[in-house]
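Q: Could you take a close look at one part of this model for me? I would like a connected account of a single contact between two chains.

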Amino acid sequence: MFRFLLALLLSASPALSQGFAGLGTTAEGFAVPQPDPVFDFPSDHGPHPAYRIEWWYLTATLSGADGRDYGAQWTLFRSALAPETSQGWEAPQLFMGHAAVTTADAHYSAERLARGGIGQAGATAEPFEAWIDDWAMTSTAAEGADAYSALSLTARGDVFSYAMELQATGPLVFHGQDGYSVKSAEGQASYYYSQPFYEVTGILDLPDGPVEVTGTAWLDREWSSQPLSETQEGWDWFSLQFADGARLMGFGLRETGGSVYTSATWIEPDGATVAYPDGALRLTPLASVDVAGRTVPVEWRVELPDRELDITTRALNPQSWMDTSFAYWEGPIFFTGSHDGRGYLEMTGYE
Amino acid sequence: MLYSALQSLFSHWRRQPGQLAMLVLGLALATALWSGVQAINAEARASYDRAAQTLGQDSLPRLSRADGQPVPLSDYIALRRAGYLVSPVIAGEVRSTNARLRIQGIDPLTAPEAAQGPALDGGLDLAAFFTAPGLLLVSPGTAAGPLPPDLPRLVEADGIPPNAALTDISTAARLTGQTDPSFLLVAPEQPRGLPPLSEATDLVLSQPQETSDIARLTDSFHLNLTAFGLLSFAVGLFIVHAAIGLAFEQRRASFRTLRALGLPLRSLLTALALEISTIAVLSGLAGIALGYAIAAALMPGVAGTLRGLYGATVPGTLSFDPVWAISALVITLLGAAAATAQAMLRTARMPLLSPAQPRAWAQAAGRTIRSQGIAALVLFIASGLILQFGHGLVAGFAVLATLLVGAALMLPVFLTVLLNRVEKLTRAPFLQWVMADTRQQIPGLSLALMALLLALAANIGVSTMVGSFRGTFLGWLDQRLAAELYVGARDEEQAIALAEWLAPRSEAVLPIISTDVRLLDLPGEVFGMADHATYRDNWPLLSATPDAWDRLFAGEAVLINEQLFRREALALGQEIVITDDLTLPIAGVYSDYGNPSGQAIIGFDLFRALFPDAPLTRFAVRVPTEDAPDLASAIRETFDVPTELVRNQAQIKRFSIEVFEQTFRVTGALNVLTLGVAGLALLTSLLTLASLRLPQLAPVWAIGTPRKVLARTELARSILLAALTWALSLPVGLALAWVLLAVVNVEAFGWRLPMQVFPADWVKLLGLSLVAAVLAASLPSLRLARTPPARLLQVFSQER
Amino acid sequence: MVNSFLNIESVSKSYPGSDGPVSVLRGVDLSLAAGETLALTGESGSGKSTLLHLAAALDAPDSGSIRLDGVEFAGLGDSDRAALRREKIGLVFQQFNLVPSLTVAANISLQARLAGRHDADLSARLVERLGLNAVVDRYPEQLSGGQQQRVAIARALAARPALILADEPTGNLDEATGDTVLSLLLDLVAETNAGLLMVTHSTRLADRLSRRVHLSQGRIAMPASAA
């Protein structure tokens, strides 16, 4: 997911790369995630302009009234040119929205860009809303409840739109060490927590007509300033839902030499978590397909021996390609093996 | 066979290099002037298109407010949050005394691809582009030219119009002091499921225009240039016609010989066509090079003119377009073909066995003179009818065209009648012969004389127009710039301090405040004027209701400029829309030269109430004239005001006059060129005639007139004809000037100027045309004086 | 007559005049054998130049037939007539004088080049024989009348024509020069075995040719004498 901050900057223009070449290693003037974080809600649900990058990232595995399987994505990225915020055209906070709907035979994606400071895009903690243009993630939680416990979600592309209501059935969960998630052996890290327990109802408006859907969804919140190791070239991220209500978040960061830095969080149905360090999770690509001119592994063997997990995942639609200014693969998956269930897979860095 | 034929045909040019030079010069000049003007026009039009393309104007619809005011930011955000793909643009201008830079601020994050322009590709430092102080993308030419001070870093990029900078909207907002978008670009594809845009906003949606506002405004100027180019082309073709006529006439005997020796007629014609095309192509190439040089030399002047008259910016440099070169060459070939057609036809019909002595192509033309006179009358009547009933710029030029062509056709009639009269009055046999002989020469010389007439008339017309304009303009400047000092402040805060400081030190401090609006659906300006004698006594009103000033300052009426008044055919007392909520009657019309767009003046208090956001940063200061320089220095010392913001009347006048002179420099240059070409045409025609005239001169010589006298008579005859042509060109030129001032100017610029006459210029022109005639006639005369008697005798021996 | 090279049979020609057509030739018969030289004499206006023009295919008769080397002129177009002229006929006419922009050398080779049979040796010999060596690089206007006429003769012969048509070739020359030029012409005609039809008003000159025909009022008045 970390390539996205480059994507965010790159996407502002096809030519954005040079001024940000040093981004991977330094974070001049920006705040840097520190171990043992203490989160302060609801304000931490809102933006953190002192950090260079941040996102609100939601994926949903859905079933339609028509009996077919669907996936949906809604993401708002924030990228700061300077560690400050202001009103007006000069505010150095840029936003990028990605939305997608996946079916077994189609993948629709859309992208929006905006600058903060004029109201076109942004996020507020209280009341919680994250938006870009007419896409919005808005808290519908009752007073006193966590703002993320209920959300309403909308997005619109050239050929699709959707509206969903989300109700959380469990608590927020924190990855790594209480939300301090290390991303490399050199110590790059981010603040990272999730709400993995949403139940969803909504309507997908697709070229074939509207479809009523129900399902589950997972919200990731993450922010940092110095996230990428220079030697990391891409990343494979899994969110899995098991039949008993447990969840697993796992990712592998691919090093240029071929080694992989992995991390995982096992989430009990009640939200209790166990964080696994590098090496506990094993990710093995099985079958690859040609996607948008690249070779992308769309079948994986996922092993977490500590939980006797050994499964094979396959994609609902192997061509779940996000044709955005920074392109990547993101789509719903099914898995079988020691456990059965559904989840979401994101793969970046396949050139 | 064809090769041998060609060889012997070309040998003629080797023996007559002067004639070849004339032909080449004529073709090259015709091509050069025409293609040069075309190159200028093409460059300017391309530049307008580029300017439009930079903002995707050429392909994207836009949303803007009906009154021309900026679109409130909240309206933009509301549209985005409703899901519409619209993108904001802040367009403005940064000015200093000697430079202005148009700023176009786009939002690269939302701009549709078509609007991003080529400039945003490549290795641009986007962090610097987005964050203060920002970057300005400018063309290399703009970066090298004069620029206003205190700009952000410049980055050179191709494809940006001259004197314009493409930048991030945040930088544009900072530089122009405007936070609301000037307009919104609308993406061609909108997301699905949204109601039509017209239901979502009160803003006015305008479809992309085929031609930009600038292109429309400058049409008249380019039409003007084209007319000049066409005139020059025609005059150049006169030369070609004369040179080719001469060459064919001289080779008539050789053509017969070649045919007698067994060269088929078809081969002869083919060879001739090949010969002329070769010369035409080579001359055309030379002409294209020359045209390019002329265009490149004139381009800075044209750029100055367009900037001065229309505020349109085009580069002062010229790019080379092969399509232009090829089309210029085709035009040359067509022109050469037209000029050759008559000679070729005559060659084709030439019997093998008629007497060998040349038959002047002029002699049988007596009848044509009458039909020319009739054609001229018809054209004059047409001219009057168009003047009476026609509308628009094209009608104005049609009046000019019919007038000029009519006058040209009238010329031989005029000269013939005049010489007839003199011939009948005179008793001296030699003088009688001279008159009769001159009259006989007129058909042969008429084309050249017509060219001279056209050039002279154009010269008189244009210089009268420019002179009248200049005189009126200077008087108007004196009225309009009544205040001694004009002061600007950095911002409104400083302006207030400045006004307070100035109040005790001057007789009056008058605010100058304006804002851009749309007046009757075109971009215009509204000014707020404070009640003061400076305006009541000096402002150049053309017409007004009796209580105009009182009603203006009471906020009950409006003054508008002449351009708006004429363009919209308004009348005093008629109401015009100032803003959505305000309509005021017109109380007066003032002249406003050098400004292409509409302008209105309302009372200062009303202006502040209507446009509270318009910044008040400029003042006109009344002080005794002698105190102005000291006060200006004191202001600069006391306040941190950029030098160019404090200017006295004299400086502004000087600057305005410079702009004016620059504006008409191109016209002047084209004028001189046309006159030169006409002189050449006269020379070639006289040369042609000279060689054909021996049969007419030989008997006069034989009966006892010395060659010297004959030569002097020839010279005198040319001078006489030139002087008569000049005399006819006076009324034609003045009529031309009147049409330019009263018809074309009104249509093109929106102002009508009183005509002034400049007889000194006429005398100068008479001198010039006489010099041209003497130069043109002296060579043939000299030749005649030196013609060996044997040549004259040959005339008799060849008579059969 | 059967072997004759140029056959002119009952040729008539009239020109439009102010009082109706003027008959210039009225049924002229004339023939010329190959290599024969024939003088055509007559008063001014007797039609001798017109007859020569017709023989050169420069003009067409109103009636009658003209054949050269078996080719009937009637019905030939401009191109065929031109071809006939450049390949078979050499003209020494005052009217078709030299091309002023070409040098003497270029004028001499002009017809031969047009006919595509330029022979540098022949030209050189003709220049030699006609005494034009000193002037080959000059232009016609720089030559005397006799020199110009010699250049015209050289030009006519350089194309190796079968028939030379000469119209008063010595008319503009003084007697001595005229004699010299005519001698040269006759010598060269004899050498090349060409036929010669020459118009002259001088009986003295006419007598130097092998045969003489007198034309009067458009008719042959006196048949051949000398031969």
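The part in question is the contact between chain B and chain A, and a walk through it follows.

A: Happy to! Please keep in mind that this is a predicted model. Let's start with the extent of the contact: chain B brings 37 residues to it and chain A brings 33. Together the two chains bury about 2700 Å², with carbon and sulfur atoms giving 57% of that area. On the chain B side, the residues that lose the most area to chain A are R81(B), L109(B) and R192(B), which together make up 30% of what that side buries.

R81(B) is a good place to zoom in. Its side chain meets that of E129(A) in a salt bridge, with an N to O distance of 3.5 Å. The count of salt bridges between chain B and chain A is six. As for polar contacts, 13 residue pairs are counted between these chains, with both residues at pLDDT 80 or more.

Which elements of chain B face chain A? At least two residues each come from α3 (73-81), β2 (86-96), α5 (126-130) and α7 (169-176) of chain B. Helix α3(B) supplies the largest share of the side that touches chain A, namely five residues. Sorted by class, the side of chain B that touches chain A holds 21 nonpolar residues, along with eight polar and eight charged ones.

To bring this back to a residue you can find on screen, try R81(B): it is among the three residues of chain B that lose the most area to chain A, and its side chain forms a salt bridge with E129(A).

Notes. Residues are numbered from 1 along each chain as its sequence is written. Chains are lettered from A and ligands numbered from 1 in the order in which they are written. This is a predicted model: local features need pLDDT of at least 70, side-chain atom pairs count only at pLDDT 80 or more; totals for chains, interfaces and linings use all residues. Side-chain values use heavy atoms; hydrogens and water are left out. Contact means heavy atoms within 4.5 Å. Buried area is the accessible area (1.4 Å probe) that two parts lose on being put together, summed over both. A salt bridge is a side-chain nitrogen of Lys or Arg within 4 Å of a carboxyl oxygen of Asp or Glu. A polar contact is a pair of N or O atoms within 3.5 Å; within protein, one must be able to donate a hydrogen and the other to accept it, and residues adjacent in sequence count only if both atoms are side-chain atoms. Helices (H or I, at least four residues) and strands (E, at least two) are DSSP runs, numbered from the N terminus. Ala, Val, Leu, Ile, Met, Phe, Trp, Tyr, Cys and Pro count as nonpolar, Asp, Glu, Lys and Arg as charged, and the others, Gly among them, as polar.
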